[in-house]
Amino acid sequence: MFRQHFDLPLGEDGSGRFVPWIVAVMVYLATLSVAAGMAVNRSVDKWNIGLEGTITVEIAASNTRAEDPGEPMARALSLLRSTAGVRSATPLADDEIARLLEPWLGQGDVPLTLPIPQLIDVRLEAGTQLDLDALGTLLENAVPGARLDDHQYWTERLSDFGRSVQVTSAFIVALVALAGAGTVIFATRAGLAIHREVIELMHLVGSRDSYIAGQFQAHAMSLSLRGGVVGLALGAATLGILRAIAAPIEGSLLPTVTITAGAWAVLAALPLLAGLIATITARVTVVRALQEMP
Amino acid sequence: MGYSADEEVLRGINFHLRPGSFHFLTGPSGAGKTSLLRLMYLAHRASGGVVRIFNRDIARTRRSVLPGLRRRIGVVFQDFRLLDHLSARDNVALTLRIGRVREDIIRDHVTELLDWVGLGDHLDAKPPTLSDGEKQRVAIARAVIGRPNLLVADEPTGSVDEYQGVRIMRLFEELNRIGTTVVIATHDHRLISQFNYPVMELDHGTFGISGAK
Ligand SMILES: Nc1ncnc2c1ncn2[C@@H]1O[C@H](COP(=O)(O)OP(=O)(O)O)[C@@H](O)[C@H]1O
Ligand SMILES: [Mg+2]
């Protein structure tokens, strides 16, 4: 069996005592930031999928007032239904429109007496090459006051938002990794200074740099892994609490935020990443310092 | 060589040690004995001149090769340099562990050698609890345990009584008999006179070797 023998009393000198705590805080922050990034991304995807393949046609109220209220609607419907690539075109019933407006106008008959636009819910065939701009112009010419909304404004903004959250999350993780590496450099330098004589002796009796660095590496790895696991546990607990609080309003205001198995795998990799960064940082720091010896 | 750019401690020294030879190195305190030994055990690179060890010009040897050479050199440091956090046993085992010798072999050899230098009862003692003489014997055990090709000892009998001093010399002679080149720095002329080995003498600025008497 391979047993790593520690010639350097790294665990007893206190130089690394703060490392697990700092790594715990860092992995905690990284966990929340990565979870937020992934949740927002999933929501944006869902919204986009929900909006994809649907457009809305709006016929302004002033127009419906003037003439026969059903006439522009009928013309718009027939034009839409005769267009290749349109699967269905369904007018939204007045009470449905009223329901959509409820949050703004309140309950009751009131809305129906107001000039309310008429809406048509249009579903497109999957993979259609339909030119929406051309269809919009056609519609506006045929039915005065009609306007086609392909939700592009929203989907673009949602995608922008999703991307910004992703970039911010990656930036936070990078900052955390840098700060973590700094912590390990600091602790390793302290260890090198404390054990200067021991290291010099080991060097003089023929230790390779890698043998000495190996002990620092193993120590840094163990400290960071311990801290990382604590940070991940705290992060998971926080996410659980947030989900419990969000549960009642999910679906109506908030999109359902679920953390998938894949997402958990990514989060679980964070402590390992911390351990890896610590190991590499310790190695580079020690090997650099040893280069000074003949 | 020197410890700073403008002052040289050793200069104009030229000698060759035949493999398997046994030499004393003597001279007054501050003459440069330790400095010369440091060149020999590769703790210091010479500022000028050529140092050849095991037929290698050290100045032209890649740094990555040096650990392998150092493992063929046993060193008894004047100030022992034991690791205070390790037991006597682990201090002696250090050089073998670095060479990745198997643990069961290490255990047997270390126990036997520490017994031989009279420390069989102190295997697990940490250096701070040992007397200077005991520390010196642990340091000597560490230097010889790997059967080095070159043994360099800096005042190895400075802290032990005459009886132990002679015992230690016998240990060095035994090592020498199986082929190890031995260099012992000492200013103890009584010790030198008890043996019939050539003596290198350093005195501020001068260097000479006298043959065996
Ligand atoms: N680490 C050092 N830094 C600077 N000068 C040193 C150092 N070690 C020794 N010297 C100087 O080098 C000279 C030789 O010392 P040393 O080799 O220890 O002599 P010896 O072992 O014969 O007593 C002395 O003048 C000493 O002051
Ligand atoms: Mg000296």
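Among contacts in chain A between residues at least 6 apart in sequence, 85% link residues at least 24 apart. Keep in mind as you look around that this is a predicted model.

**Chain A as a whole**

Chain A holds ten helices and four strands. Reading from the N terminus, these elements follow the order α-β-α-α-β-α-α-β-α-β-α-α-α-α. Of the 294 residues in chain A, 40% are buried. The accessible surface of this chain is about 16,300 Å², and carbon and sulfur atoms account for 63% of that area.

**The cavities**

How many cavities of 30 Å³ or more does a search of the whole structure find? There are three of them. The largest cavity encloses about 180 Å³ of space. Its lining is made up of 16 residues, and those closest to the centre are Val27(A), Val176(A), Ala177(A), Ala274(A) and Ile277(A). If you want to find this spot in the viewer, three elements of chain A each give two or more residues to the lining: helix 1, helix 7 and helix 10. Helix 7 of chain A supplies the largest share, with six residues.

Here are those three helices with their residue ranges, ready for selecting.

| Helix lining the largest cavity | Residues |
|---|---|
| helix 1 of chain A | 19-51 |
| helix 7 of chain A | 152-194 |
| helix 10 of chain A | 261-290 |

**Two residues to visit in chain B**

Let's move over to chain B, starting with Glu134(B). This residue sits in helix 5 of chain B, which covers residues 132-144. Which side chain of opposite charge is nearest to Glu134(B)? That is Arg137(B), at 4.8 Å. Glu134(B) is buried and forms no salt bridge. Setting aside residues up to four places away in sequence, Glu134(B) touches Leu119(B) and His122(B).

The other stop is Thr157(B), in the loop that runs between strand 5 (150-154) and helix 6 (162-177) of chain B. Is Thr157(B) buried or exposed? Thr157(B) counts as buried because its relative accessibility is 10%, and the cut-off for buried is under 20%. Beyond its neighbours within four places in sequence, Thr157(B) makes contact with Gln136(B), Gly165(B), Ile168(B) and Leu191(B).

Both Glu134(B) and Thr157(B) are buried, so it helps to hide the surface when you look for them.

Technical notes
Residues numbered from 1 in each chain as written. Chains lettered and ligands numbered in written order. Predicted model: local features only at pLDDT ≥ 70, side-chain atom pairs only at ≥ 80, totals over all residues. Heavy atoms only, no water. Buried < 20%, exposed > 50% of the residue type's maximum accessible area, 1.4 Å probe, protein only. Contact = heavy atoms within 4.5 Å. Areas by Shrake-Rupley, 256 points an atom, 1.4 Å probe, with all protein chains shown as cover. Lys, Arg positive; Asp, Glu negative; His and termini not counted. Salt bridge = Lys/Arg side-chain N within 4 Å of Asp/Glu carboxyl O. 1 Å grid on protein atoms, 1.4 Å probe; cavity = no way out; pocket = protein on both sides within 12 Å on 5 of 7 lines; lining within 4 Å. Points joined across faces, edges and corners; volume = space filled by probe spheres on them.
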